[in-house]
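Colleague: I have a chain to look over before lunch. Can you walk me through the model?

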Amino acid sequence: MDALSGIIQAFEEEDCRAFRTFIQRKKTRSNRKDLQLFELLLLHPDKDSGELIQTLGTPNRNAYHTIRKRLFRHLGDFILTRQTLTDTTAAAEVQSLFTLAQFFFTQRSEELGWRYLMRAENLAEKNELFSLLNTIYLFQLEKVESPHAPDLDQILERRKQNLIKQREEENITEAQAIIKAKLREFRLFGKDFDFEKLVNEVLENSNLGNLTSASARIQYRLFTIMRSAVLARKDYYSFEPFLLSRYEILKEKRGFERKDHEYQLHILYIIIHTLYRNKRFEEALEYLEEMKECMQEYGGVHHRLFFARYSLLLAAVNNFLGRVDESISTLDAALENTQLSREMRMDMTLNLAVYWFEKKEFSQANKMLLNIYHTNGWIDKNMGKEWLLKKELIEMFVHYELEHYEIALNRIRSMERYFGEFFKLGLYKRVRVFIQIIKRIIVDPELPRNPVFFKELEASFDWVGTEREDIQAMAFYAWLKSKIIQRDYYETLIGWINGDEEFLFQDD
């Protein structure tokens, strides 16, 4: 798919309708080749140029490329116009005020110019638009000789303080970029890193240890940097108290204004996800309620941005509270939303497969997995190696329960080949041990009832206790335990998660 097709495929139905009107804005014609090309690429994004030339009936390749260029230009004008008209952010309002101020100065109306310049400064400062604010201060310095200008020392001091904050913002952006790149290498390529050491080094090198600003935006961006190490090490336990205390301080000392709304929702999401991974489900539900109320504020301006993440977390929390039917209903309803991203839709589909598996509806679980029609190579590249591994493990369990034993064995052999190097990394070494044990059970179904095997199993893993064991790892191990004690899988999982001693890996 080329760039032109990519732009068109990104359009929603409403965008397409608006563009058809826009392209005819100057002169309505019934036989526009550029509009015909738009419709063709909308329906057939992968058609090659030869087929398009033939369908359009253009005399030659040069004429076709002229039509492409014209369509590209119209699309660019449409997107720019639409963005300008629909941009209601504070940055857009500040830029409009600044432009007005510049206009009045060119018209020698300095009093009006300074009036709008000060309004632009105040709004930019209120919304922490440091880069834009610096541009405004530089312009003020250019016009400081005006009798309507404030004191020069005041402008210089305000600019000085703003530059400190702007540098903090730039340092955080730089630190985030480094951490994200390393984390992506870890997830996609299975490279090993000491993430805690990396995060500490990045924070130190970026001078982020002693921030002068405690705004919601700065705090959120710091949380994301620290959380990168937490995600890599699966160590949510030590992160939780720091996260909760910082959030309460933000609420009590600063509060959350409208400009902080998106950052508050981001922080709430991180808190809920951390509580969920730490098995603090009832507390997670309380924060989910706060997140839901927050999503509805200011006319639901950020509801669309957080809807999918909220739905996934609500379903996950309810699932571990023993409410799997509610989890299924939540995600079924969420999947009806046509604005979901491809990644969120895939996450929901995979989770639904797990929930149906827990209900022993194995055929339905398999049906959900079949809806994930992308190749393993595509999933590895776009969703990450860990996501692919989870999918493969779930498929293996489903085929085992459907008594497709040979397919389940083939899944294991495929994982051993594909993830060979990945299984050598710290947290994933025990996954190799785990699937080798499953392989033995498939070959010998009586093995779980052998006392010798049970002792061998206990010695195969380094258990860290129910409280601190990774919740997703426990979900896989619970299946193994259910086969040993011959009990329902979901019942076994919920019992173990809730710390019921009867369900721990010990000799009953």
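Colleague: What average pLDDT does the protein chain have, and what share of the residues score at least 70?

Modeller: This is a predicted model: local features need pLDDT of at least 70, side-chain atom pairs count only at pLDDT 80 or more, and totals for chains, interfaces and linings use all residues. Residues are numbered from 1 along each chain as its sequence is written, and side-chain values use heavy atoms, with hydrogens and water left out. pLDDT is the predictor's confidence in each residue, from 0 to 100. The chain's average is 83, and the share scoring at least 70 is 87%.

Colleague: Over which residues does pLDDT stay under 50?

Modeller: Where pLDDT is low, the predicted coordinates should not be read in detail. The model has 29 contacts beyond four places in sequence for the stretch in question. Contact means heavy atoms within 4.5 Å. The stretch is residues 501-508.

Colleague: How many helices and strands does the protein chain have?

Modeller: Helices (H or I, at least four residues) and strands (E, at least two) are DSSP runs, numbered from the N terminus. The count for this chain is 25 helices and 0 strands.

Colleague: What percentage of the 508 residues is buried?

Modeller: Buried means under 20% relative accessible area, exposed over 50%, and partly exposed in between (1.4 Å probe, protein chains only). Among contacts between residues at least 6 apart in sequence, 64% join residues at least 24 apart. The buried share of the chain is 48%.

Colleague: Is His74 buried or exposed?

Modeller: His74 sits in helix α5 (residues 61-86). Leaving aside neighbours within four places in sequence, its contacts are Phe19, Phe22, Ile23, Arg25, Arg32 and Asp34. Its relative accessibility is 12%, so His74 is buried.

Colleague: Which residues does Asn278 touch, not counting those up to four places away in sequence?

Modeller: Asn278 is in the loop between α13 (261-277) and α14. Its relative accessibility is 10%, so Asn278 counts as buried. The residues it touches are Tyr236, Tyr237 and Glu240.

Colleague: Tyr287 and Leu275 are 12 residues apart along the chain; what separates their C-alpha atoms?

Modeller: Tyr287 belongs to helix α14. It is buried, with a relative accessible area of 13%. Beyond four places in sequence, Tyr287 contacts Leu244, Tyr247, Glu248, Leu268, Ile271, Ile272 and Leu275. The C-alpha separation from Leu275 is 9.3 Å.

Colleague: Which elements help cover the buried residues of α16?

Modeller: In α16 (residues 324-334), the buried residues are Val324, Ser327, Ile328, Thr330, Leu331 and Ala334. They cover an arc of only 160° around the axis, so they lie on the same side of α16. That arc is taken from the directions from the helix axis to the C-beta atoms. The cover includes α15, α17 (342-358) and α25 (489-497).

Colleague: Which residue in the loop between α6 (90-106) and α7 (110-126) has a phi near 65°?

Modeller: Most residues other than glycine have a negative phi. This one has a positive value without being glycine. It is exposed, at a relative accessible area of 76%. The residue is Arg108.

Colleague: What is the phi of Tyr298?

Modeller: Tyr298 is in the loop between α14 (281-295) and α15 (303-320). At 34% relative accessibility, Tyr298 counts as partly exposed. Its phi is positive, in a residue other than glycine: near 55°.

Colleague: What volume does the largest cavity have?

Modeller: On a 1 Å grid over the protein atoms alone, a cavity is a set of points where a 1.4 Å probe fits but cannot get out; lining residues have an atom within 4 Å of a point. Grid points are joined across faces, edges and corners, and a volume is the space filled by probe spheres set on the points. The search of the whole structure finds 1 cavity of 30 Å³ or more. The volume is about 280 Å³.

Colleague: Which elements give two or more residues to the lining of that cavity?

Modeller: Of its 15 lining residues, the closest to the centre are Tyr428, Val431, Asp470, Ala473 and Phe476. The elements are α20 (385-401), α22 (429-443) and α24 (471-485).

Colleague: How far apart in space are Ile441 and Lys483, C-alpha to C-alpha?

Modeller: Ile441 is in helix α22. It is buried, with a relative accessible area of 2%. Not counting residues up to four places away, Ile441 touches Tyr400, Leu447, Pro448, Phe453 and Leu480. Lys483 is 42 residues away in sequence, and the distance in space is 9.4 Å.

Technical notes. 1 Å grid on protein atoms, 1.4 Å probe; cavity = no way out; pocket = protein on both sides within 12 Å on 5 of 7 lines; lining within 4 Å.
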